[in-house]
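User: Please take me through this model one question at a time, and let each answer show how it is reached.

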Amino acid sequence: MSQPNKKEKVFNLLKELHEKLNIRNYLEDLEKDNNFITQINQKIKSNQIFQKRVFNSIYEFSVYRNFIYSLIRNQKPSVVLETGVLHGLTSAWILKALKDNKKGKLISIDLPRRDWEKFFGKKPFGPGGQAEFELQDEEPGWIIPENLKESWELNLGPSSKFLEDILKKNKEINLFIHDSDHSYEVMKYECDLVQKYLDNIDIVIDDHYCNEYYKEFSEKFNRDYHFIDDIDDNQKQVQGSLYFPRKKS
Ligand SMILES: C[S@@+](CC[C@H](N)C(=O)[O-])C[C@H]1O[C@@H](n2cnc3c(N)ncnc32)[C@H](O)[C@@H]1O
């Protein structure tokens with residue numbers, strides 16, 4: 001019997017996750033939408049950063065991004081806030097979900113790698129940061145299809161510069177996604193501040209395992225969490241991200 005490939009593994013993990021969380025799986029909608037994957041492929045072809053040149057299915061991308069699409073279709077947020085954009089793959093999945101909901105905007109904060117020293121001098125990147133390559137001649141989010149950008153606000157700089165102001169001004173944020181610097185210090189700063197201003201929102205932390213802060217956060221604020229496993233390029237199941245659902249009222 002043949003081994004399941006990445007596509008099947010991602011599909012199956014997402015199916016199990018939706019069943020566990022008892023939420024509707026909206027990914028059939030996205031899988032049927034050939035236009036979205038075509039637009040992403042066109043962007044990918046515009047430079048050399050991706051080794052794989054053509055993607056045939058959304059399930060060739062991570063569980064993490066696809067889960068976020070479906071979560072947004074379920075929750076119908078007014079505003080999504082994310083830290084960490086880089087090429088903008090996750091931002092594209094978020095903006096597509098908002099467009100399909102016909103509602104909502106995305107506010108992103110991203111410190112481009114090229115500006116790191118301006119703010120942090122010789123301090124090293126947090127875990128995993130060294131392996132992230134940005135394209136020097138492209139802006140963060142270059143992969144986002146143009147027709148999705150109308151609901152997007154991008155703030156360029158460290159989260160410490162923008163986050164508090166954004167939280168003060170946008171009480172209707174319903175989902176926060178941390179995927180910036182994965183140091184304990186930055187994860188704690190971002191999650192604590194979000195919790196302080198908006199204690200009842202959904203939170204997704206990518207690469208939560210880079211430090212132990214998610215455990216502290218869960219205990220401190222009495223919040224349940226679910227692990228979202230993922231599939232790596234070698235088709236192995238690996239730790240991915242973590243979802244803190246909003247508290248039940
Ligand atoms: C892991 S990548 C983001 C990947 C993206 N979310 C995705 O899934 O495609 C992290 C990004 O956060 C940026 N970054 C690092 N430290 C930051 C900080 N303190 N505030 C905001 N962005 C930061 C990095 O330069 C990089 O662009």
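**Strands, helices and ligand**

User: Which residue in strand 7 stands opposite Val204?

Analyst: This is a predicted model, in which local features need pLDDT of at least 70, side-chain atom pairs count only at pLDDT 80 or more, and totals for chains, interfaces and linings use all residues. Residues are numbered from 1 along each chain as its sequence is written. Helices (H or I, at least four residues) and strands (E, at least two) are DSSP runs, numbered from the N terminus. In strand 7, the residue opposite Val204 is Tyr243.

User: How many bridges join strand 5 to strand 7?

Analyst: Strand 5 (residues 202-206) and strand 7 (residues 237-244) run antiparallel, and Asp206 stands opposite Ser241 in strand 7. Two strands pair if DSSP finds at least two bridges between them. The number joining strand 5 to strand 7 is 4.

User: Which residue in the turn of the hairpin of strand 6 and strand 7 has a positive phi?

Analyst: Strand 6 (residues 226-231) runs antiparallel to strand 7, to which 5 bridges join it, and Ile231 stands opposite Gln237. The hairpin has 5 residues between the two strands, and the one in the turn with a positive phi, about 70°, is Gln235.

User: By how many degrees are neighbouring strands of the sheet turned against each other on average?

Analyst: The open sheet has 7 strands in the order 3-2-1-4-5-7-6, with mixed pairing. Strand 3 (152-156) and strand 6 stand at its edges with a single partner strand each, so one side of each is left without a neighbour in the sheet. With direction ignored, the average turn between neighbouring strands is 20°.

User: What angle does the direction of helix 5 make with that of strand 2?

Analyst: Helix 5 packs on the sheet, where it touches strand 1 (79-83), strand 2 and strand 3; contact means C-beta atoms, placed from the backbone, within 7 Å. Angles run from 0 to 180 degrees between N-to-C directions, with axes fitted to C-alpha atoms, for helices over the stretch in contact. The angle with strand 2 is about 165°.

User: How far apart are the axes of helix 4 and helix 5?

Analyst: Helix 4 (residues 63-75) packs against helix 5 at an angle of about 25°, which makes the two roughly parallel (under 35 degrees). Their axes are apart by 9 Å.

User: Which elements give two or more residues to the shell around the ligand?

Analyst: The ligand is surrounded by 19 residues, and Gly84, Thr90, Asp179, Ser180 and Asp181 are the closest. Those giving two or more are helix 5 (89-101) and strand 2 (105-110).

Notes
A residue is near a molecule or strand if its C-beta atom, placed from the backbone, lies within 6 Å of it. Angles under 35 degrees count as roughly parallel, over 145 as roughly antiparallel, 65 to 115 as roughly perpendicular and the rest as oblique. Two residues are in contact if their C-beta atoms, placed from the backbone, lie within 7 Å.
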